[in-house]
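Hi everyone, thanks for making time for this. I'd like to walk you through one chain, starting with its charged pairs and then moving on to the sheet. Have a look at the screen first.

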Amino acid sequence: MAAADERPVEIDKRDIPLSGGRTLRVTEFGNGSIRLAVRAGSPYVVTSLEQIDDGAVLKLSPGREGSNAHRNWVRDHGDGEEAARAPMV
């Protein structure tokens, strides 16, 4: 049994190409956990996590297309000038 601070053994890793040059990487670990990584230019945020039937559905939003993620990232990491123009919703 692995100690709590040890990383679980990686079983498999797959890259799924997405539009716009993005890639979704799904990594499966020996303890049953799954890691999702989106390789893209925009920050992503978790917008919902639902338990449906016997599975889980995770929704990520790319900080544009109706999301506040990009505005919030600019507000928190910007130089202040752009943050002042971004409306708080």
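Let's begin with a question: which side chain meets that of Asp12 in a salt bridge? The partner is Arg14, with N to O at 2.8 Å. Before I go on, please keep in mind that this is a predicted model.

How exposed are those two? Asp12 counts as partly exposed, at 26% relative accessibility. Arg14 is exposed, with a relative accessible area of 56%.

How many salt bridges are there by this rule? The count comes to 3. For anyone setting up their own script, the cut-off behind that number is a side-chain nitrogen of Lys or Arg within 4 Å of a carboxyl oxygen of Asp or Glu.

Another of these bridges brings together the side chains of Glu10 and Lys13, at 3.5 Å from N to O. That value lies inside the 4 Å limit, so the pair counts. Glu10 is partly exposed, at 39% relative accessible area, and Lys13 is partly exposed too, at 38%. As general background, side chains of opposite charge can pair when their charged atoms come close.

Then we have Arg25 and Asp15, whose closest N and O atoms are 2.7 Å apart in a salt bridge. This pair links distant parts of the chain: Arg25 sits in strand β2, residues 23-29, and Asp15 in strand β1, residues 10-17, with the two residues 10 apart. The side chains of Arg25 and Asp15 are also joined by a polar contact of 2.7 Å. Asp15 counts as partly exposed, with 44% relative accessibility.

What else does Arg25 touch? Leaving out residues up to four places away in sequence, its contacts include Lys13 and Arg14, as well as Arg35, Leu36, Ala37 and Arg39. So that you can place those names on the screen: Arg25 is in β2, and β3 covers 34-39.

Now to the sheet itself. In which order do its strands lie? The order is β1-β2-β3, an open sheet of 3 strands with antiparallel pairing. β1 and β3 stand at the edges with a single partner strand each, so one side of each has no neighbour in the sheet. From one strand to the next, the twist averages 15°.

Let me take the two pairings in turn. β1 and β2 are antiparallel and pair over 7 bridges. Within that pairing, Ile16 has Leu24 in β2 as its bridge partner. The hairpin of β1 and β2 has 5 residues between the strands, and Gly20 takes a positive phi there, near 70°. On the other side of β2, 6 bridges join it to β3, again running antiparallel. Here Glu28 stands opposite Ile34 in β3.

Finally, let's zoom out to the chain. There are 2 helices and 5 strands, and along the sequence they follow the pattern β-β-β-β-β-α-α. Buried residues make up 13% of the 89 residues. The accessible surface comes to about 7,000 Å², and 50% of that belongs to carbon and sulfur atoms. Of the contacts with a separation of 6 or more, 6% are between residues 24 or more positions apart.

That's my tour, and I'm happy to go back to any part of it. Thanks for listening!

Notes: Residues are numbered from 1 along each chain as its sequence is written. This is a predicted model: local features need pLDDT of at least 70, side-chain atom pairs count only at pLDDT 80 or more; totals for chains, interfaces and linings use all residues. Side-chain values use heavy atoms; hydrogens and water are left out. Buried means under 20% relative accessible area, exposed over 50%, partly exposed in between (1.4 Å probe, protein chains only). Helices (H or I, at least four residues) and strands (E, at least two) are DSSP runs, numbered from the N terminus. A polar contact is a pair of N or O atoms within 3.5 Å; within protein, one must be able to donate a hydrogen and the other to accept it, and residues adjacent in sequence count only if both atoms are side-chain atoms. Contact means heavy atoms within 4.5 Å. Accessible areas come from the Shrake-Rupley method with a 1.4 Å probe; for residues, only the protein chains shown count as cover. Two strands pair if DSSP finds at least two bridges between them. Axes are lines fitted to C-alpha atoms, for helices over the stretch in contact, and angles run from 0 to 180 degrees between N-to-C directions.
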